[in-house]
Amino acid sequence: MSLRWFWENRKKDVPEAHPLPSDYAQEFQRGLQTQSGKLEFECNSLKRFNDPERPPIVKYEPSWEGPHSGAMFKRYPLQLLTPHSKYSFHTQGDGKDSFLLNIADHRVNVNGYYYWVLRLNAKDAAERGIKKNDLVKVFNDRGAVICAALPTERLARGVCHGYESSAVYDPMGEPGKSVDRGGCLNLLTPERTQTKSTHSLAGANALVEVEPWDGRTEHVSAVFAELEKEKVIERMGGVASLVPAK
């Protein structure tokens, strides 16, 4: 057991990547790396802050993008999960053009191109006419990514899954105005962090829709659409007049 040393009141004797003396309340490698040196169901360090997003006792907090998101959820009814890649270490350690491409769970060769895998519930896939290894368009207002589909019963209804790292940004046209076929699902996740007071990636906080890819490469993200709108206003000779709401 990884915590047997703690249970038996011994110094920590299991591998640790970066043991820092300052992380221990007692002597180095004795006790847990908490302020009390013990298991804490109520976090002492968080009791110092008045942060409703990070209470001292862990509790469920709904994501800002989810089934409760109203009109957005109607447009994009699937919650996208993007954990770390299972077979490689980030993009620089992925080994493009290596044996990793032969792992079907990592990438799938469709018509000579290796696509990232997107998993979705089998019933959700069937409702959309999606079969295994079909090329699908995963999209929301932030962008669109082409992936190879993998229907599975291991995901709940309304959830899809693809890895967040080791992809390649490979737009099929002008960046920001076309789909990406390199599997860069980070295009679809929010820029904001999970909480305001910390830096934490929101890799499970994106709503998307998935549909069979029709081969069209055009997809203008909301950011680029707004930039185009500003250019049009500028060409018209000024800022558009605002009409007060009644």
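Student: In this predicted model, are Tyr-76 and Phe-139 buried or exposed, and what does that word require?

Tutor: Tyr-76 is buried, as is Phe-139. The term requires under 20% relative accessible area, so each of the two residues falls below that limit.

Student: Why is the contact between Tyr-76 and Phe-139 called an aromatic pair, and why edge-to-face?

Tutor: Their ring centres are 6.0 Å apart, and a pair requires centres within 6.5 Å, so the rings qualify. The planes stand at 85 degrees; because an angle over 60 counts as edge-to-face, that name applies. The structure holds three aromatic pairs.

Student: What makes this pair a link between distant parts of the chain?

Tutor: Tyr-76 lies in the loop between helix H2 (71-75) and strand S1 (78-81), while Phe-139 belongs to strand S4 (residues 135-140); they are 63 residues apart.

Student: How do you know that S4 and S1 each pair with S7?

Tutor: Pairing requires at least two bridges. S4 and S7 are joined by four, and S1 and S7 by three, so both cases meet the requirement. Both pairings are antiparallel. Within S7, Pro-212 is the bridge partner of Val-136, and Ala-206 is that of Leu-80.

Student: Why is strand S7 (residues 206-212) described as mostly covered?

Tutor: Five of its seven residues are buried, which means that those five have under 20% relative accessible area.

Student: What distance supports saying that the charged end of Arg-192 sits over the ring of Trp-64?

Tutor: The charged end of Arg-192 is 3.5 Å from the ring centre, so it satisfies the distance limit of within 6 Å. Likewise, the charged end of Arg-181 sits over the ring of Tyr-113, 3.8 Å from its centre.

Terms used. Residues numbered from 1 in each chain as written. Predicted model: local features only at pLDDT ≥ 70, side-chain atom pairs only at ≥ 80, totals over all residues. Heavy atoms only, no water. Phe/Tyr/Trp six-rings, centres within 6.5 Å; stacked < 30°, edge-to-face > 60°. Helix = DSSP H or I, 4+ residues; strand = E, 2+ residues; numbered from the N terminus. Buried < 20%, exposed > 50% of the residue type's maximum accessible area, 1.4 Å probe, protein only. Lys NZ or Arg CZ within 6 Å of the ring centre and 35° of its normal.
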